[in-house]
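Biologist: I've got a new model open on my screen and I'd like to learn how to read it. Could you walk me through a few features?

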Amino acid sequence: MGDPSAETQRTLYPYVTGSSVVALKYKDGILMAADTGGSYGSTLRYKSIERLKPIGKHSLLGASGEISDFQEILRYLDELILYDNMWDDGNSLGPKEVHNYLTRIMYNRRNKFNPLWNSLILGGVKKGQKYLGMVSMIGVNFEDNHVATGLGNHLARPILRDEWHENLTFEEGVQLLEKCMRVLLYRDRSAVNKIQISKITEEGATVFPPFSLKTYWEFSAFKNPTVGAEGSW
Amino acid sequence: MSSIGTGYDLSVTTFSPDGRVFQIEYAAKAVDNSGTVIGIKCKDGIVLGVEKLIASKMMLPGSNRRIHSVHRHSGMAVAGLAADGRQIVARTKSEATNYDSVYGEPIPVKELAERVASYVHLCTLYWWLRPFGCGVILGGYDRDGPQLYMVEPSGVSYRYFGAAIGKGRQAAKTEVILLSISIVGFLLAFRPGRLDQCMRILSLCSLGVWGGEIEKLKLTDMTCRQGVIEVAKIIYGVHDEAKDKDFELEMSWVCDESNRQHQKVPDELLEEAKAAAKAALEEMDAD
């Protein structure tokens, strides 16, 4: 702040950003979904960015926001997990611990006015206990049964509040996530139609290959949108 | 080989008139007095084994680890002064993570061995430092396959397919000489008349193995699973019941089966190895 060279190091605005991530707890663990797009401002520049990554044996990380900061966070976590593995003491970091570590990183960067411009979702299962948490770029963190980042908070969470319940099966969970992602695809201009879903259970993490959602554009109101008001668009 | 270096052995920066640095040789003695440490390179990986002499019956089994992972793909077994060993392991871990963060790939084992050797050697160059009193066997699995290196307190490091340090390494030294001669003889068949080339091939293969049992093993055909059993047998074999107290066997491997990650040998395999080793001992005693 006082040091002139520090000015050039501060994050002022994000460049390549990922859009919303949505996640929920289900019977066996956590399900998380995100699209694979990276926007460069208003241009949908990168179409195949993986924003859901397994962390260690017990956790899954999803991020929206600046992609380069996400990659940096992955490096921090990689080192964290490596040192944990090298102890070789039969114990391994669980989702709660990783979530706490991330919160510390995000909050401390924010205090230096140099945030990592991400909203992170950290979910996992350890010893049968499911955990799902979120950390924002200013270090706000909380846990819940379903979480989302960015526009997902406004478009997906209301759906989840109505339709989520304990002990969703895998198929029900995926259907619910697809419903949320479809709404985001229709309404979020930075969404791309290439979705990735990942799950984490006691057995481990799986990131499924990307797929496209079926969309319907034949709604009569869309077909002739100006029928009621000539001259508008 | 114990000669007193009267006067020339006070500092690691002093050569003796016959060109020896006694402090380094004394450091090597610290390694020689520790429990045996063995490493072998099998067809599909590396196996490391340590004869952990138990200082007190009150120590918890499984504590005082002598084998450490230094990165995902490599591990290090330490013989000699334990505290010095801890320092070397810490430095090695740091070198490995630093390489990974700069070059984006796991450090090649050859590179890691060079860095460890340089670090150990460093401490033999200044009068205000003392040499490390420990030797290290480093095993890892990288793009060029499994590799085994040994670093001594003098800072030399060679690549081996079988290595041993500590008390029991002398266990079959004569067998080493016999086997070396027979190997040279074997090589002569391919290079008739070229004794010099055969000797060079032999030394390049760095058959500087002190546990002669190791050479009896056909390592090129052996998998790590079998290697674990053999290492256990050797360690049980070289353990001196009369002179030493009880010991605990610690083993680790990095091989295709462990997904090229360095980890402790799984418990059931370790038990199997111990049982086989004890059985082999009884057979020998019975003769």
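**Reading the pocket and the helix pairs**

Modeller: Happy to. Keep in mind that this is a predicted model. Let's begin with the largest pocket, whose lining has eight nonpolar, 13 polar and seven charged residues.

Biologist: How does anyone find empty space in a set of atoms in the first place?

Modeller: You roll a probe the size of a water molecule over the atoms, and that shows where empty space is left. Here, the largest pocket holds about 760 Å³ of space.

Biologist: And which residues lie nearest the centre of the largest pocket?

Modeller: Look for K57(A), I81(A) and N85(A), plus Q261(B) and Q263(B); the lining has 28 residues in total. The elements that give two or more residues to that lining are β6 (52–55) and α2 (67–87) in chain A, along with β3 (67–71) in chain B.

Biologist: Which element gives the largest share of the lining?

Modeller: That's α2(A), with eight residues.

Biologist: Now helices. What do I need in order to describe a packed pair?

Modeller: Two packed helices are described by the angle between their axes and the distance between the axes. Try α4 (residues 152–163) and α5 (residues 170–187) in chain A: their axes come within 9 Å and cross at roughly 150°.

Biologist: Why do we call α4(A) and α5(A) roughly antiparallel?

Modeller: Angles over 145 degrees count as roughly antiparallel, and this pair crosses at roughly 150°, so α4(A) and α5(A) get that label. The crossing is right-handed.

Biologist: Which residues of α4(A) and α5(A) meet?

Modeller: From α4(A) you have G152(A), L155(A), A156(A), I159(A), L160(A) and E163(A), and they meet L176(A), K179(A), C180(A), V183(A), L184(A) and R187(A) of α5(A). By class, that contact has eight nonpolar residues, one polar and three charged.

Biologist: Can we do a pair in chain B?

Modeller: Sure. There, α2 (residues 82–103) and α3 (residues 109–122) pack at about 135°, with axes 10 Å apart. That angle makes α2(B) and α3(B) oblique to each other, and the crossing is right-handed. On the α2(B) side the contact includes I88(B), R91(B) and Y99(B), while on the α3(B) side L112(B), R115(B) and Y119(B) are among the residues. The contact divides into seven nonpolar, three polar and four charged residues.

Biologist: At what angle do α7(B) and α8(B) pack?

Modeller: About 45°, for α7 (residues 224–238) and α8 (residues 267–286) of chain B, with their axes 8 Å apart. So α7(B) is oblique to α8(B). Their contact includes V228(B), I229(B) and Y236(B) from α7(B), and L269(B), A273(B) and L281(B) from α8(B). Sorted by class, you get ten nonpolar residues, one polar and six charged.

Biologist: What about a single residue, say K43(B)? Where does K43(B) sit?

Modeller: In chain B, K43(B) is in the loop between β1 (37–42) and β2 (45–53). Now check what lies far off in sequence: K43(B) and M222(B) are 179 residues apart along the chain, yet their C-alpha atoms are separated by 5.6 Å. Leaving aside neighbours within four places in sequence, K43(B) is in contact with P146(B), L219(B), T220(B), D221(B), M222(B) and T223(B).

Key: Residues numbered from 1 in each chain as written. Chains lettered and ligands numbered in written order. Predicted model: local features only at pLDDT ≥ 70, side-chain atom pairs only at ≥ 80, totals over all residues. Heavy atoms only, no water. 1 Å grid on protein atoms, 1.4 Å probe; cavity = no way out; pocket = protein on both sides within 12 Å on 5 of 7 lines; lining within 4 Å. Points joined across faces, edges and corners; volume = space filled by probe spheres on them. Helix = DSSP H or I, 4+ residues; strand = E, 2+ residues; numbered from the N terminus. Nonpolar A, V, L, I, M, F, W, Y, C, P; charged D, E, K, R; others polar. Axes fitted to C-alpha atoms, helices over the stretch in contact; angles between N-to-C directions. Parallel < 35°, antiparallel > 145°, perpendicular 65-115°, else oblique. Left-handed = near helix turned anticlockwise from the far one by under 90°. Contact = heavy atoms within 4.5 Å.
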